[in-house]
Every structure is written in structure tokens, then in C-alpha cells.
Amino acid sequence: MALACQTQTRGLGKWALALVIAVSVARLLLPSLTSGLLSRDQPWKTAGNDSDGIEDALPEFRSEDSIFPRAREWHVYWTFASRKGNGENHLDDSRFEPHMHDDYVASAVKSASKATLKHIDDMKRRYESVGALPDFYARGIGWIQDRQNVPLSDRFSISAMCNVTRMQRLKMVLTVVVAGNLAISNNADHVDTTLHLHSGPTTIFIVDTVGKIECGGTGDSWIDVQPPLTMWVRVNGISISEESEIFAGIALPHNSESSTLCTWRYDFVPKYAGVYSIHVKVLTFNGFADSTPNMCTTHDIPSRNDLFDSQQINNSNEDNLEILEAMNYEFVTELAAGGNYMHHRGVRGFKMYHAQDACCEACRRSRNCKMFSIPGALHFDDCELYFDRIQEDVDFLDREDGHYLGRDRNYSYKSQQPGDFPTIRRKLAISSNELKKHPWPVKMHPLQGFPPSKANGTSGEVTYFIGCGWSSLMSFESPCHYPSDDLGQKIEVVAIPTPPELSINGLRACLLDDEKLDISNGRWLHYPYPDDSVCRPSERDSRTRGFKVFKLQYFGDQDPICWHRDDLTQIANTCAEQGCKFLINHRWVTDLKREAKWFGWWKSYSCEYREMGDNDIQQCIDLKKISKIELRGASIKELVDSYMSQKLQNINMTTGTNNIVVFDTLKMPHLVWHKGINEHRISLMNDFPNVTADSEQEYYFMTGFTLTSEREPHLQIDRMLQFSKVAYDVLAPKGYKMINAFDVSAAFAFDTAGQV
């Protein structure tokens, strides 16, 4: 999203975050503890993993020695940055060691495998019933399960089908198991879908139930065979007492002692009694493969005429529109014939601000794409993808009978009825003929482009965004239909062995070191909404400084904790992007988004962030003789300004000094879209001077945010972490101080996030 993504002021519970509608990995199935156990030495047999005729086929992302080339890099980054939300340190030290519940998890997964496979098959059939199997395989659990098992037929020769038959993705079916200290509930009416636990160390396991890929092993080589899947986990406390907690982070690989099934885990330690809802969302595959603009080789198309060359029309002249459409169709047809491409299809992007970069990425991610062109053949098509044969376009191939599925779908927002989908509240698809997307045409000189020669296959150089959040490439091409089909589950913590520490007394003040990505460790605490005797009645702040976002008025003369109030039902309900009106009112939300009276803040386990009202802020300004607070960056700077201006509206800066505080957002997230990681590092080294000796100016920079969408190509959660870490590595030694927005935004980077 070009103008705004996600922002969150440190520990203040204020955000204006990018719209995300992520798809969960698997519904939680909690089988009986009486199932037989499975050891590493036993063969793994579950429903759906019998021989399917392609037993020898490697997943397309693995190298010839059966490893995932980027798995180790993934492991290094996320283990470095995933201490948040774990609570006690012993969980950090043991998270990659055998787990005390490994046997239970193996048994639970074996019992759940048939039900899990049926759930996913039912989901796939619902997509199929409206002619939309490409959408199922484009994202989430469908993408992970995807395999090519196309039966040979008279339509295709054996040689033509061979490559298609052997090509597959991960061929995995994931389920979720929660393990902790079991408690017996006194509630006879509780439903089977709620697991009752004592408070204490709890782990969410995400496990493949099929076992085509074997994971684990001895030494440190086991991580090389673990698929680099980035999965966001959130545990939202719905308290039956007065306080509750929210934990959020990324599931990490787990080397199970009891099976060779690929496993991930997320550890947390609930301290409060209550019900916790769990959501697990798959976001990316191979997230740390570096991506840069201009990765594809492109050539301008020779000039034809002014209308074709400019790809611009006067909207009042419909005749020119029809003429341009005819020219584009003829252009695509000629390119296909000239390159002997027997098949081509268009791409109708959601936000194609830089069509050349986006179309290159679309071709790189489309298996067997040989070339792309700008524009596409049809109205609203930003670009066209070209393939040798129709069978090669495996992303649009029916896995059952080998038929090409095409882009036509027989559903839409307008034609759906509430009774059609009893399990969801929102309509989540739109047909192309209802789409009024702008800007179009592409308003650039036509070109053709070719992906890097090793962009597909087993090179491991492509990052795939497979979440159900807003995607510049997929929101219209492959919309998410049923993101609520595979929700997480609820657990109930029914006992507290020791009362949680509610007082902040004894905690030291937080230091800059506590902001480090590898040290930061906390969670969100949710408190009862204060009544009017504690805080003045809330009012909406209608000022327009910075981006116009929903926020409550700040009253500097009252307790500063009152600023932590929010109405989450009003957050992320507006957007300014072309086409987003088709999405903003049709998105699925969780229980957190329905909080009209939210009151809470980020709390570290080891230190305390001081709340400051007008008097404290003014005292700080006077003591340090600060004359100005200068914000630098791009769009996120405007969002920070909209909240910072609230806190400073009654503050008087010191006059007659040059003491300036600089707060820089580093132009994130835009630079993550536009730069490769090495270019980012060089830019930080060259463009930011050493300020360690500067006695008048104090410099801060902010990390990127936890993303569950892909607002532009390459702009994903893994790269945001990578770019933030590199920024710290380069800038901290130069005297710049880091503010960690990555951790605090994780819990609110899903349905409470929005495009402004």
C-alpha cells in the first residue's frame, strides 16, 4: 500500500496498521490422549499419504540433496528475533530441544490426520463448486498441500505430461495441537473444542499430517530439511477475571523426538485464568530470498502510435478505450505467436503502482512462466504471462483431470447470499466484470520482460506470499473465499498455581538494550475499561494532522494511562487505495476486532516503560532543553505525527537552543519494496553520518512492523525483520538509538490493521 502500512507508538496501544486478512494454517483438532504413540523408528502412515504415482518426485523448492536452500537463513533470522511472548527464559533455552509433550503430539496428530484431511478436502470442494480451484491453490493451506498428480489422458502425450506430473510444492496437510498441563473442568456443559489447561508453560504445535517430507534428525543439519514457512501465531486472552494477555509471534521449527513429521511450535506462558483464542496464519514461504526491482530483463516495444505508446486515454472518449483494448489484444497475440508461446493469461493486480516490478514478480511466482508483457490483452489486465503450452500453466491446472481451469469464476460479492456460507459473516470474492479498478490503462510505454533463468524450479530464489492478507498481485486474481474455515481454537486456563504479579513495583526502567530484537520480550495486557471516575469520557479526535485515522482524544491533564483506550471496531475501516472499496467491508475478523472498549498496553517481562503526561513531558523538554522534535521518513512518518502531535499539543519547546531530537522511520516500508538487502545496507552506511559525538542532536530510528499482508511486491514480514536488523547493525554503532515497533505490532498486525 503506497501511502500507509502499519504504525504503533511504543507501548501506547495506538495504531493505524495495514489491512490484513490472513489465512490460518489449519483448524485445531484435539484428539484423545488414548491414541497409540509413534516413534521416529516407526513408519508414518496417515490418511492421504499412500503412494500417488509420484513417489520419487522432489518438491520443486528443494535442491538435489533434498534440502531447502534458504532454510538455514530463515532459521538464523527467526530464532534471533523470536524471544518475544515466551515469558520465562527456560523456554528460550529449550525451544529446539525435545519437548516433554512430543509423544502426546505425535499421538494426537495421528488421531487427527483423517479429520484434518477431510476438513481441507471439504474446503477445496467448496472452491471447486464455484469454479475457483486456482484460488484454493494460490494461498494458505491449499498452497502448502498443492501437488501435481495429473492422470495421463489421450489429450496429452506422456512426454508433455511428465514435467507437470512431477512438479509439486510441499504436499503437506497441517494441523494444530496445543499441549500443556491438562486440567479437569468442572463445567459439564463445556464443548469438546475447548481444551482445559492449568496456567504455566503452554505450546502450540503445527504439524504436517502427511509425512512426504521427513524432518528432524541429529546435529544441526535437521534445519536444512525444514520448509521455511513463516507462520504467525496469536493467542488472545478473553478473561473471565479482570485482566488478560495477548501473545503473538512466529512459530519456530521443532525437532520432535517422537516422529519425523515436520513440526513448528510457539511457546507462551499464560498467567491469567480465562479463555484464550488461538489463530495460526501461514504468511510466506522462503521469505528471505532477496528480491530487488529490475530482476527481470525488459525491452521496450517499438513505437506504434501515440495511443498505444502512452497507454493513456481520455475517460470521456469511450471510442479510444475500445480502440486501445483492440490494440492491446492484437499486441499480445503477436507477441505470443512470435515467441511460439501456445498459452497466455492476464494478471489483474490490486495495486500495481509499479507495473514493471509487479509483473516481473508475477511471472517469477507463476510456475513455468517464460515471459511477460505490459499491458495485458484484456480490459483491466495490467500484464500478460506467457507459457510454452497450456499444460505448463500448472497454477491454473485442475489437479484431478488435467483440464486448464482459466480465470472465469461464477461467483461474486453481489450474487452471494448470507445462507450460502453459514460459517462466515463476510462475502469474500468478486467477479472481474464487477470490478471498477483504477488507474487503468497502465500509463506507461509497452514492454516485454523475461524472468531470471533460475527464478523457478529448485533455485530457492523466489519468495512466495501465501497469506490471505491484502496482496498487490492476488487480491483480485486469487481472492480468499473462506478465511474463517480454518480458524484456530480456544483453550481455557482454569487454575493459577501462583498469583500473577500485578504491580510494577520492583521492575527496573526499560533501557535501549531492551528494545533489541533479540532481547525484547513482552506481551500485551488487557485491563478493564476505566469508568468516568478514572478517565474523562472518551471523545474522538477529529484533527486532520498527518493521516486521517480514527483515534480518541488525548487529555494531557489526566492520568496518561487513559490514552490507552481504543475502540477497535473503528480501527482499519477506511482506506484510500484504488479498488480497496471492494475489500474493506468484506473481510473476516476475529474476536479482538470486536472490542469496542479496549484498554491495554505492551508490558515487558523484565522492565517498565514509564507513562508520561503533560507535566512529565514538559519537565523532560525543559531538562534537556529540547527545541524541536523532527520526524523523518515517508508515509509512516505521517502516521507517527498524527499521534505524536496529540502528546505534544500542550508542550512548549525550549527556545534559544539547537537541541533537536530526530525520529526517523527510515522510509519503511517503501524501501523494503524498492531495495535489495545489500543496497539497503550500503545506503545506511553511506547516507547516515556518525552522530556519536553530536552533543546537540539525539537520533532515534524505528524498526519496521510485523506484516501479515503484501502491500507491494517484496514487502513481507521476513524482509521487514531482515531490513530492521540490518538497520540496527549499521546504525547503532554510529550513535542511533532503535525503537522496536516490530514486536509490539505483532498482536495487532492482522484484523485490527488497516490501509488508511
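A crossing of two helices is right-handed if the near helix is turned clockwise from the far one by less than a right angle, and left-handed if anticlockwise. This definition serves the first stop of the tour, which runs through a predicted model.

**Before selecting anything**

Display the whole protein chain. It holds 14 helices and 24 strands. Of its 756 residues, buried ones make up 61%. Among contacts with a separation of 6 or more, 82% join residues 24 or more positions apart.

**Stop 1: helices α13 and α14**

Select residues 677-687, which form α13, and residues 717-731, which form α14. The axes of the two helices come within 10 Å and cross at roughly 30°. Angles under 35 degrees count as roughly parallel, and α13 and α14 are therefore roughly parallel to each other. Their crossing is right-handed.

Now show the side chains at the contact. From α13, take Ile677, His680, Arg681, Leu684 and Met685; they meet Gln722, Phe723, Val726, Ala727, Val730 and Leu731 of α14. The residues of this contact comprise eight nonpolar, two polar and one charged. As background to the spacing of such positions, an α-helix has 3.6 residues a turn, so residues three or four places apart point the same way.

**Stop 2: helix α9**

Move to residues 355-365, helix α9. Of its 11 residues, 10 are buried, so the helix is largely enclosed by the rest of the structure. Select the buried set: Ala355, Asp357, Ala358, Cys359, Cys360, Glu361, Ala362, Cys363, Arg364 and Arg365. What do these residues pack against? Their partners are the strands β10 (343-347), β11, β12 (383-387) and β14 (464-465), together with helix α12 (670-674).

Continue along the chain to asparagine 368, in the loop between α9 and β11. Its phi is near 75°, a positive value in a residue other than glycine. Most residues other than glycine have a negative phi, and most peptide bonds are trans. Asparagine 368 counts as buried because its relative accessibility is 16%, the cut-off being under 20%.

**Stop 3: serine 373 and the cis bond beyond it**

Select serine 373 in strand β11, which spans residues 371-374. With a relative accessible area of 0%, serine 373 is buried. Its side chain makes two polar contacts to inspect. In one, it reaches the backbone oxygen of proline 375 at 3.2 Å; in the other, it joins the side chain of tyrosine 386 at 2.8 Å. Leaving aside neighbours within four places in sequence, the residues in contact with serine 373 are Phe331, Val332, Leu335, Asp382, Cys383, Glu384, Tyr386, Leu447 and Gln448.

Then turn to proline 375 itself, in the loop between β11 and β12. Is the peptide bond from isoleucine 374 to proline 375 cis or trans? The bond is cis, with omega near 10°.

**Stop 4: leucine 447**

From serine 373, step across to leucine 447, one of its contacts. Leucine 447 lies in strand β13 (residues 447-450) and counts as buried at 3% relative accessibility. Draw a distance from its C-alpha atom to that of threonine 298: the two are separated by 6.6 Å, although the residues are 149 apart along the chain. Beyond four places in sequence, leucine 447 touches Thr298, His299, Asp300, Ile301, Phe331, Gln356, Phe372, Ser373 and Ile374. Phe331 can be kept on display here, as it is in contact with serine 373 and with leucine 447.

**Stop 5: lysine 625 and asparagine 659**

Select lysine 625, in the loop between α10 (614-624) and β21 (628-632). Its phi is near 55°, a positive value in a residue other than glycine. Lysine 625 counts as partly exposed, with a relative accessibility of 44%.

Add asparagine 659, from the loop between α11 (635-648) and β22 (660-664). The side chain of asparagine 659 reaches the backbone oxygen of lysine 625 at 3.1 Å. At 18% relative accessibility, asparagine 659 counts as buried. Not counting residues up to four places away in sequence, asparagine 659 touches Lys624, Lys625, Ile626, Ser627, Lys628, Ser695 and Glu696.

**Stop 6: proline 669**

End at proline 669, in the loop between β22 and α12. The peptide bond that leads into it from methionine 668 is cis, with omega near 5°. Helix α12, on the other side of this loop, is among the elements that the buried residues of α9 pack against, which returns the view to the second stop.

Notes: Residues numbered from 1 in each chain as written. Predicted model: local features only at pLDDT ≥ 70, side-chain atom pairs only at ≥ 80, totals over all residues. Heavy atoms only, no water. Helix = DSSP H or I, 4+ residues; strand = E, 2+ residues; numbered from the N terminus. Buried < 20%, exposed > 50% of the residue type's maximum accessible area, 1.4 Å probe, protein only. Polar contact = N/O pair within 3.5 Å; in protein donor to acceptor, adjacent residues only side chain to side chain. Contact = heavy atoms within 4.5 Å. Axes fitted to C-alpha atoms, helices over the stretch in contact; angles between N-to-C directions. Parallel < 35°, antiparallel > 145°, perpendicular 65-115°, else oblique. Nonpolar A, V, L, I, M, F, W, Y, C, P; charged D, E, K, R; others polar.
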